[in-house]
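I opened this entry to work through one chain, from overall fold to cysteines. My notes follow in the order I looked things up.

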Amino acid sequence: MVLVCEAIGKRALLEFEYHGRVRVVAPYCCGISTRDVEVLRAIQVRGLSASNGLGFGKLWAVAQMIELRILDETFAPDDPNYNPQDRGMKEIYCYI
């Protein structure tokens, strides 16, 4: 979680493998979901997706992220649908 919150604070992109595919995401919010799972709310900006879901703000289970790293590339938060009071989370650690 520390690395994810650091990326959120820096507005830096994150890269990780998730379900066998490398993803690059813009992280917005991190915490505990309503299902008691540590999650990241992020928008995938590059990489592979089974549904070609680029630009969709989804919840990613942190425990399923492999080789998580912060990229040197930053982003400007501009998702009009982002809500810092995320209803998908019961506890929020860090957010934009």
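I needed one definition before the pairing notes: two strands pair if DSSP finds at least two bridges between them. I also noted at the start that this is a predicted model.

**Entry: overall fold**

I counted the secondary structure first. The protein has one helix and six strands. I read their order along the sequence as α-β-β-β-β-β-β. I then checked the radius of gyration, which is 12 Å, close to the 12 Å from the globule rule for 96 residues, so the protein is as compact as a globular protein of that length. I boxed the C-alpha atoms along the principal axes and got roughly 30 × 25 × 25 Å.

I looked up burial and surface next. Of the 96 residues, 41% count as buried. The exposed area is about 5600 Å², and carbon and sulfur atoms supply 49% of it. I also looked at contacts between residues at least 6 apart in sequence: 57% of these join residues at least 24 apart.

**Entry: strand 1 and its partners**

I took strand 1 (12-18) as my way into the sheet pairing. How many of the seven residues of strand 1 are buried? I found five, so I logged the strand as mostly covered.

I then looked for its partners. Strand 1 pairs with strand 5, residues 66-74, in the antiparallel sense over four bridges. Within strand 5, Ile70 is the residue that stands opposite Leu14. Strand 1 also runs antiparallel to strand 2, and five bridges join them. There I noted Glu15 opposite Val24 in strand 2.

I stopped at the hairpin of strand 1 and strand 2. Two residues lie between the strands, and His19 takes a positive phi near 55°.

**Entry: nonpolar core**

I went on to the largest nonpolar core, which has 27 residues. Which residues have the most contacts inside this core? I wrote down Leu40 and Trp60. I then listed the elements that give two or more residues to the core: helix 1 (2-10), strand 1 (12-18), strand 2 (21-33), strand 3 (38-47), strand 4 (57-61) and strand 6 (89-95). The largest share, six residues, comes from strand 2. I added one general remark: in soluble globular proteins, nonpolar side chains tend to be buried together.

**Entry: cysteines**

I finished with the sulfur atoms. The structure holds one disulfide. I found that Cys5 and Cys94 form it, with their sulfur atoms 2.0 Å apart. Cys5 lies in helix 1 and Cys94 in strand 6, so the pair ties together parts that are 89 residues apart in sequence. What is the handedness of the disulfide of Cys5 and Cys94? I read the torsion about the S-S bond as about -85°, so the disulfide is left-handed.

I compared the burial of the two partners. Cys5 is partly exposed, with a relative accessible area of 23%. Cys94 counts as buried at 12% because the cut-off for buried is under 20%.

I then asked why Cys29 has no bond to Cys94. The sulfur of Cys94 is the closest cysteine sulfur to that of Cys29, but at 7.1 Å it is too far for a bond. Cys30 is in no disulfide either; the nearest cysteine sulfur, that of Cys5, is 4.7 Å away. I checked accessibility last. Cys29 is buried, with a relative accessible area of 0%. Cys30 is buried too, with a relative accessible area of 0%.

Key. Residues are numbered from 1 along each chain as its sequence is written. This is a predicted model: local features need pLDDT of at least 70, side-chain atom pairs count only at pLDDT 80 or more; totals for chains, interfaces and linings use all residues. Side-chain values use heavy atoms; hydrogens and water are left out. A nonpolar core is a set of buried Ala, Val, Leu, Ile, Met, Phe, Trp, Tyr and Cys residues joined through side-chain atoms within 4.5 Å. Buried means under 20% relative accessible area, exposed over 50%, partly exposed in between (1.4 Å probe, protein chains only). The radius of gyration is taken over C-alpha atoms; the globule rule is 2.2 Å times the number of residues to the power 0.38. Contact means heavy atoms within 4.5 Å. Accessible areas come from the Shrake-Rupley method with a 1.4 Å probe; for residues, only the protein chains shown count as cover. A disulfide is a pair of cysteine sulfur atoms within 2.5 Å.
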